[in-house]
Every structure is written in C-alpha cells, then in structure tokens.
Amino acid sequence: AKEIVNSYLGNDKSNPFLISYFEEEINKRKSLPQEYSKGSTDDYILTKEYISEFLKTKLSKNDIHLKSVDYKFLNDLDYFLITKRSSTHLGTIGRNTVNKHHSRLRTIFLKALKEGILSQSPYSNFELRNTKT
C-alpha cells in the first residue's frame, strides 16, 4: 500500500515524474554556477516549460512518469515544438532549435539511464533531423 501511495504522490524514486526529475537537474545546475553557465541553465528551464505546456495542452496532464515516455510521446512533442509559435521572433521554432530541446531532454533520460531508473532511453529509436543553415 505504501508503494502505491508513494507512486501516486510522486515519491517513488524508482519511477519519478518527468517534470520533477527535470527540476532536480535544473536545481543542481543552479547550485553549481561554476560548473554550469546561467545561459545553459536558462535553456533547460525553457525546455522544461515547453514540455510542461505540451503535457497540459496535448495530454491534459501536469506530469508523466519517466517510464511512460515512449517513441509516440517524443514524436508528438516534436510536432508540438515544430508547430509552436516562437515568443522571441516571428514564425515558428526552427528545426535546429527543436533539436536542442530534444538534446536537453535526451540528457535527462541519459541521466535516468545511468542512475538505473530506466533500462532503455526512449530516444534509442528516435532520430533527429538537422536543417543546414
């Protein structure tokens, strides 16, 4: 019963929530300014905000378990990002910028993989396409 309650409350360390896990990484970066630049940390914050927006608008959720993220989730997130209106300039977010957001998310999954939370990264079958500039 404790495991079910902990899982529901997000206290299950064997299957943490994506946004919560992302926030842990951001907090670590903030606490080590000599290791991580403010710009890099701000980029992680922006990526987390985009993922939160995707979860709320497309999945009607505030968070999702790391183990629930699969190829379909990544593909839908990719479409959401590539069609999202940019807040900093006219038009949508460019392909290479979308790839940077994927790269940051992939880093979070690699960390979870190294910590033994995941047995395989959802990015193992997801290919990023670059656009020459």
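Phe-109 and Tyr-123 are both buried in this predicted model. The two rings form an aromatic pair. Their centres lie 6.2 Å apart, and their planes meet at 55 degrees, which makes the pair tilted. Phe-109 belongs to helix H5, whereas Tyr-123 sits in the segment after H5, so the pair ties together parts that are 14 residues apart in sequence. The structure holds six aromatic pairs. Phe-109 and Tyr-123 also join Tyr-71 and Phe-126 in one aromatic cluster.

The overall architecture is helical. The protein contains five helices and zero strands. Along the sequence the pattern reads α-α-α-α-α. Of the 133 residues, 38% are buried. The exposed surface amounts to about 8400 Å², and carbon and sulfur atoms supply 50% of that area. Contacts across the sequence were also counted. Among those between residues at least 6 apart, 62% join residues at least 24 apart.

The largest nonpolar core comes next. In soluble globular proteins, nonpolar side chains tend to be buried together. The largest nonpolar core here has 29 residues. Within that core, Leu-18, Phe-73 and Leu-105 touch the most other members. Helices H2, H3, H4 and H5 each give two or more residues to the core. H3 provides the largest share, with six residues. Leu-18 illustrates the packing. Beyond four places in sequence, Leu-18 touches Ile-51, Asp-63, Ile-64, Leu-66, Val-69, Phe-73, Leu-105 and Phe-109. Two of the partners on that list, Phe-73 and Leu-105, are themselves named with Leu-18 as touching the most other core members. Another partner of Leu-18 is Phe-109, the residue paired with Tyr-123.

Helix H3 spans residues 38–58. H3 has 21 residues and reaches 30 Å from its first C-alpha to its last. That reach is close to the 30 Å expected at 1.5 Å a residue. The buried residues of H3 are Thr-41, Tyr-44, Ile-45, Thr-47, Lys-48, Tyr-50, Ile-51, Ser-52, Phe-54 and Leu-55. They pack against H2, H4 and H5. One of them, Ile-51, is also in contact with Leu-18.

Thr-41 lies in H3. Its relative accessibility is 6%, so Thr-41 counts as buried; the cut-off for burial is under 20%. Leaving aside neighbours within four places in sequence, Thr-41 is in contact with Ile-26, Arg-29, Lys-30 and Tyr-36. Asn-27, in helix H2, is partly exposed, with a relative accessible area of 46%. Asn-27 and Ile-45 are 18 residues apart along the chain, and 9.9 Å separates their C-alpha atoms.

Ser-60 follows H3. This residue is placed in the loop between H3 and H4. Its phi is near 55 degrees, a positive value in a residue other than glycine. At 66% relative accessibility, Ser-60 counts as exposed. Thr-41, by contrast, counts as buried.

Helix H4 covers residues 71–83. It has 13 residues. The distance from its first C-alpha to its last is 18 Å, close to the 18 Å expected at 1.5 Å a residue. Buried positions in H4 are Phe-73, Leu-74, Leu-77, Asp-78, Phe-80 and Leu-81. Viewed down the axis of H4, these residues fall within an arc of 165 degrees, so they line one face of the helix. The face turned away from the buried side carries the exposed residues Lys-72 and Tyr-79. Cover for the buried residues of H4 includes helix H2 (18–31), helix H3 (38–58) and helix H5 (95–114). Phe-73, one of the buried residues of H4, is among the core members with the most contacts to other members.

Terms used: Residues are numbered from 1 along each chain as its sequence is written. This is a predicted model: local features need pLDDT of at least 70, side-chain atom pairs count only at pLDDT 80 or more; totals for chains, interfaces and linings use all residues. Side-chain values use heavy atoms; hydrogens and water are left out. Helices (H or I, at least four residues) and strands (E, at least two) are DSSP runs, numbered from the N terminus. The expected span of a helix is 1.5 Å times one less than its number of residues. Buried means under 20% relative accessible area, exposed over 50%, partly exposed in between (1.4 Å probe, protein chains only). The arc is that of the directions from the helix axis to the C-beta atoms. Contact means heavy atoms within 4.5 Å. Accessible areas come from the Shrake-Rupley method with a 1.4 Å probe; for residues, only the protein chains shown count as cover. A nonpolar core is a set of buried Ala, Val, Leu, Ile, Met, Phe, Trp, Tyr and Cys residues joined through side-chain atoms within 4.5 Å. Rings of Phe, Tyr and Trp (its six-membered ring) pair if their centres lie within 6.5 Å; planes under 30 degrees apart count as stacked, over 60 as edge-to-face and the rest as tilted.
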